[in-house]
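Student: Could you take me through one part of this model up close, and then follow the links outward from there? I'd like one connected account rather than a list.

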Amino acid sequence: MDLNKILSNLNIAQLNDMQQQAVEVCNSGSDMILLSPTGSGKTLAYLLPLVNLLKTGVSRVQAVVLVPSRELAIQIEQVFKMMGTEFAVMSCYGGRPAMDEHRTMKGVNPSVIIGTPGRMNDHLSKGNINGKEVGILIIDEFDKCLELGFQDEMSEVIAQLPALKRRFLLSATDAEEIPRFAGLNQIVKLNFLQDNEELANRLQLFRVDSPVKDKLDTLFRLLCCLGKEQTIVFCNHRESVDRVGKYLHSMKLECEVFHGGMIQDDRERALYKFRNGSCRFFVSTDLAARGLDIPEIQNVVHYHLPQAEDGFVHRNGRTARWDANGKAYVILGPEEKMPDYMEDAAAFVFSEKIPAPSMPQFITLYIGKGKKDKINKIDIVGFLSKKGGLGKEEIGRIDVKDHCAYAAVSRRKFKQVLKLIQNEKIKGLKTLIEPAK
C-alpha cells in the first residue's frame, strides 16, 4: 500500500493522531474498538489498514463493512474509490432491487462490500456472497446499529461468516456492553471521545422562546438572523420535516429536507446541495445526526426537543467538531422547558428588524453524465471554464456519480452559464444540463 499516494488522492496532507494509532493497532494483529466523534476521520482510520490486509489476485469478497444507513454505505464506498487502490468495492442497501446488486457483484468482483445488516443477510442467505471466505468484519456506527434494533440481524450476518479473523468496531459513543455475537478476541480499545467540559467550551447554547405553540415563525426569524451560516434544523418526525421545509420555501428561504421516507436520489441531491453551499439550511430528522460527511456546520437548531440526552449530544456533534466552535439553538414553545441536561443556555434576543432571507452564493447544476461515461471532476471544471466562461472562484464543489454529476456554480453567473453551455458537449458527449431540482 502506497500511503502517500492514497493520501494524495484524498487531498489529505497527513493522518491525525487518532488515525495513526488506529492504523498501528490494526497492523498489530489485534481486534479494535475505536471510539471517536462524528467527523473525526474514523472511516479512513479503518480503510487504510483494511487495504493493507486485502490480498491481491483474489476474486472474492474478503471484507464486509456493516453500517446502519444507506447514506453511510454510499459515503464509505465513495471514500474507498477515491483512495485509488487496485481493489473493487460496492455498497448494498434497501430501497433498490437486490437482483440488480447481485448483477453488479458478478461484474465488479468486489473485494469489499459495505452494506446494511438486512440487505447483507439477504445476499449471504442467497449465496450471492460466499460468507465462508470473508476474513474481515467492520461494524461502523456500532452503537447506532444497536440503537436502531439491528442486533439480531447483525448476529445473523456474523453467524454466516465463520472464517472471520479480524474485527473492527467503530462508534461515536461508548457502548455500555459489546454483545457476545461480535466475537471479539484480543481487543485494543482506543477512546478519542471528547469530555463534555471540553465540548461545552466550544459550543454556545441558546434558548429561543416561541410565543406560540407553532414554532414555524420563530424558526424562520431565527434562520434569517443566522443568514449565511450553514445550519441544520432537527425535527423529531418526517412529517414535521416536510411541513417545516414547505413553510420555509413559502417564505422564500432556500432549504433542503432530508429524512428516511424520501427516495434515495432525492436524499442524495439534498445532501449535495447542502455540502456544496447552494443551500444553507438543512431540515432533517435525526438521520443526519450521525454518519454523514457534512463539514463546516456553524449552527444546530433543535426545532423539537430531542427525545433523549444522547440525541442532543449527537445532534450537537454536527457542529463544534474537533477544534472548531459552534452554536446550538433550542426553540421552546410556551409550555416547554429546557431539560435538566441542557445547562447554561443563554436567552437568544431577536433584533428589532429581522433581516430578509439571504440567497446562497451557489446554485447546483445537474449534469446527465458521470463516471460510467468517463466524465470526471477535471472534465467538468474545464467545461464550465471554457464553455461557461467561469473563473476558478465561481465554480464550487463537484460531485460525480456513476450516471450523473452535480456542480455548484456562482449564482451571479448562473443564467449566463446556462445560456453559454446550451447545446455544448462535454468530452464530445451531448447531455442534459439543468438546475438541480
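Tutor: Let's start with Arg 269, which is buried at a relative accessible area of 18%. In this predicted model, Arg 269 sits in helix 12, residues 264-275. Setting aside neighbours within four places in sequence, Arg 269 touches Tyr 406, Ala 436 and Lys 437. If you want a sense of distance, take Leu 48: the C-alpha atoms of Arg 269 and Leu 48 are 28 Å apart, with the two positions 221 residues apart along the chain.

Now stay on helix 12 and look at Gln 264, which also belongs to this helix. Gln 264 is buried, its relative accessible area being 11%. Its contacts, again leaving out neighbours within four places in sequence, are Arg 70, Glu 71 and Ile 74.

Keep an eye on Glu 71, since that residue turns up again. The side chains of Glu 71 and Arg 267 form a salt bridge, with N to O at 2.5 Å. Glu 71 is in helix 4 (residues 70-83) and Arg 267 is in helix 12, so this pair ties together parts that are 196 residues apart in sequence. Both Glu 71 and Arg 267 are buried.

Helix 12 has another such link, through Lys 273. Its side chain meets that of Glu 256 in a salt bridge at 3.4 Å, N to O. Here the pair joins distant parts of the chain, Lys 273 in helix 12 and Glu 256 in strand 10, 17 residues apart. Lys 273 and Glu 256 are both buried.

Strand 10 gives us a way into the loop before it. Lys 252 lies in that loop, between helix 11 and strand 10 (255-258). Although Lys 252 is not a glycine, its phi is positive, about 65°. Lys 252 is exposed, with a relative accessible area of 66%. On confidence, helix 11 (residues 238-250) has the highest mean pLDDT among the elements of the protein chain, 97, while helix 9 (residues 196-202) has the lowest, 58. For the protein chain, the mean pLDDT is 88, and 94% of residues reach 70 or more.

There's another lysine to put beside Lys 252. Lys 374, in the loop between strand 15 and helix 14, has a positive phi near 65° and isn't a glycine either. Lys 374 is exposed, with a relative accessible area of 64%.

That loop leads to helix 14. Asn 376 caps the N-terminal end of helix 14, with a side-chain oxygen 3.1 Å from the backbone nitrogen of Ile 378. The buried residues of helix 14 (residues 377-386) are Asp 379, Ile 380, Phe 383 and Leu 384. Looking down the axis of helix 14, you'd find these buried residues within an arc of 125°, so they line one face of the helix. Ile 378 and Lys 386, on the other side of helix 14, are exposed. The partners that the buried residues pack against include strand 15 (362-367), strand 16 (395-400), strand 17 (405-410) and helix 15 (414-420).

Asp 379 deserves a second look, with its relative accessibility of 18% counting as buried. Asp 379 makes a salt bridge with Lys 427, the closest N and O atoms lying 3.4 Å apart. This pair also links distant parts of the chain: Asp 379 is in helix 14, and Lys 427 is in the loop between strand 18 and strand 19 (429-430), 48 residues apart. Lys 427, at 53% relative accessibility, counts as exposed. Elsewhere, salt bridges with shared partners join Arg 96, Glu 101 and Arg 119 into one network. The structure holds 22 salt bridges.

Arg 119 from that network is one of the buried residues of helix 6 (residues 117-125). Elements covering the buried residues of helix 6 include strand 2 (63-66), helix 5 (98-108) and helix 8 (151-159). After helix 6 comes Gly 127, with a positive phi near 80°.

For a contrast, finish with Arg 166 in strand 6 (residues 166-171). Arg 166 is buried but has no salt bridge, the nearest side chain of opposite charge being Asp 31 at 4.1 Å. A polar atom of the Arg 166 side chain lies 2.7 Å from the backbone oxygen of Ser 30, and the backbone oxygen of Gly 29 lies 3.4 Å from a polar atom of that side chain. Beyond neighbours within four places in sequence, its contacts include Val 25, Cys 26, Leu 53 and Gly 135.

Terms used
Residues numbered from 1 in each chain as written. Heavy atoms only, no water. Buried < 20%, exposed > 50% of the residue type's maximum accessible area, 1.4 Å probe, protein only. Helix = DSSP H or I, 4+ residues; strand = E, 2+ residues; numbered from the N terminus. Arc of directions from axis to C-beta. Contact = heavy atoms within 4.5 Å. Polar contact = N/O pair within 3.5 Å; in protein donor to acceptor, adjacent residues only side chain to side chain. Lys, Arg positive; Asp, Glu negative; His and termini not counted. Salt bridge = Lys/Arg side-chain N within 4 Å of Asp/Glu carboxyl O. pLDDT = per-residue confidence, 0-100.
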